[in-house]
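Trainee: I would like to go through this model and ask where its labels come from. Please set each value against its definition.

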Amino acid sequence: MPPTGGEDKGYVPPNSAEWMMNRANIPIAEYVKENVRRSNPTNFDARALVRLAREAGMRHLVFTAKHHDGFSMFASKAGHYNVVEATPLKSDVVRELAETCREQGIRFGFCYSQAQDWHHPGGIGNTWDKTIKRVPVDPYVREKAVPEVNC
């Protein structure tokens, strides 16, 4: 997910970092427009990243595949809110990292926020955006989280 630079319209919430959408109460539509649509990760290079990790002595690499904002860093069959469909990169970052780690002898793991999802109406955690029509969490888990983890 593209960084917001730690501030939103001049507001710098405490301890925001990857919780910026939550801490600044940014509505989904605005967050997508201002961050996702302008994200341009075309300089991503899995080989260079993994090579640097290996040269630094790392034996494991753990990557956040989907954080609480709901944006997936891989091709998702459960929605369009992902790096492949929503950015110019059009490439599956998680797959590239996994394959490159395997080739270079680095163990690969990923973090996936399975219930907390501020983008999906069934995800837990978005209590500020009143424009989304909430749905139960069970269909969200069944229709998004499980298919994404199993892809």
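Mentor: The protein has six helices and two strands. Helices (H or I, at least four residues) and strands (E, at least two) are DSSP runs, numbered from the N terminus. This is a predicted model, in which local features need pLDDT of at least 70, side-chain atom pairs count only at pLDDT 80 or more, and totals for chains, interfaces and linings use all residues. Residues are numbered from 1 along each chain as its sequence is written, and side-chain values use heavy atoms, with hydrogens and water left out.

Trainee: What pattern does the protein follow along the sequence?

Mentor: The pattern is α-α-α-β-α-α-β-α.

Trainee: Why is the protein called as compact as a globular protein of that length?

Mentor: The radius of gyration is taken over C-alpha atoms, and the globule rule is 2.2 Å times the number of residues to the power 0.38. For 151 residues the rule gives 15 Å, and the protein has 16 Å, which is close, so the protein is as compact as a globular protein of that length. Along the principal axes, its C-alpha atoms fill a box of roughly 45 × 40 × 25 Å.

Trainee: What share of the residues counts as buried?

Mentor: Of the 151 residues, 41% count as buried. Buried means under 20% relative accessible area, exposed over 50%, and partly exposed in between (1.4 Å probe, protein chains only).

Trainee: Why is Ala86 called partly exposed?

Mentor: Its relative accessibility is 24%. Partly exposed lies between the 20% and 50% limits, so Ala86 counts as partly exposed. Ala86 is in helix H4 (residues 83–86).

Trainee: Which residues is Ala86 in contact with, leaving aside neighbours within four places in sequence?

Mentor: They are Val36, Phe71 and His80. Contact means heavy atoms within 4.5 Å. The C-alpha atoms of Ala86 and Ser39 are separated by 8.5 Å, with their positions 47 residues apart along the chain.

Trainee: What makes Arg107 exposed?

Mentor: Arg107 has a relative accessible area of 60%. Exposed means over 50%, so the label applies to Arg107. Arg107 is placed in strand S2 (residues 107–112). Not counting neighbours within four places in sequence, Arg107 is in contact with Arg59, His60 and Leu61. From Val12, 95 residues away along the chain, Arg107 is separated by 36 Å between C-alpha atoms.

Trainee: How do you know that the buried residues of H3 are on the same side?

Mentor: Helix H3 (residues 46–55) has Ala46, Val50 and Ala53 as its buried residues. These cover an arc of only 55 degrees around the axis, which puts them on the same side of H3. The arc is that of the directions from the helix axis to the C-beta atoms. An α-helix has 3.6 residues a turn, so residues three or four places apart point the same way.

Trainee: Which residues are exposed on the other side of H3?

Mentor: Leu52 and Glu55 are exposed there. The buried residues of H3 pack against strand S1 (60–66) and helix H5 (93–104).

Trainee: Which residues of helix H6 are buried?

Mentor: In H6 (residues 137–149), the buried residues are Tyr140, Lys144, Ala145 and Glu148. They pack against S1 and S2.

Trainee: What is notable about the phi of Asn25?

Mentor: Phi of Asn25 is near 55 degrees, a positive value in a residue other than glycine. Most residues other than glycine have a negative phi. Asn25 lies in the loop between helix H1 (20–23) and helix H2 (28–36). Phi of Lys90 is also near 55 degrees, and Lys90 is in the loop between H4 and H5.

Trainee: Is Lys90 buried or exposed?

Mentor: Lys90 has 52% relative accessibility and counts as exposed. Asn25 has 45% and is partly exposed.

Trainee: Why is Glu18 called partly exposed?

Mentor: Its relative accessibility is 47%, so Glu18 counts as partly exposed. Glu18 is found in the segment before H1. Not counting residues up to four places away in sequence, Glu18 touches His67 and Trp118. Glu18 and Asp69 are 51 residues apart in sequence, and their C-alpha atoms are 8.4 Å apart in space.
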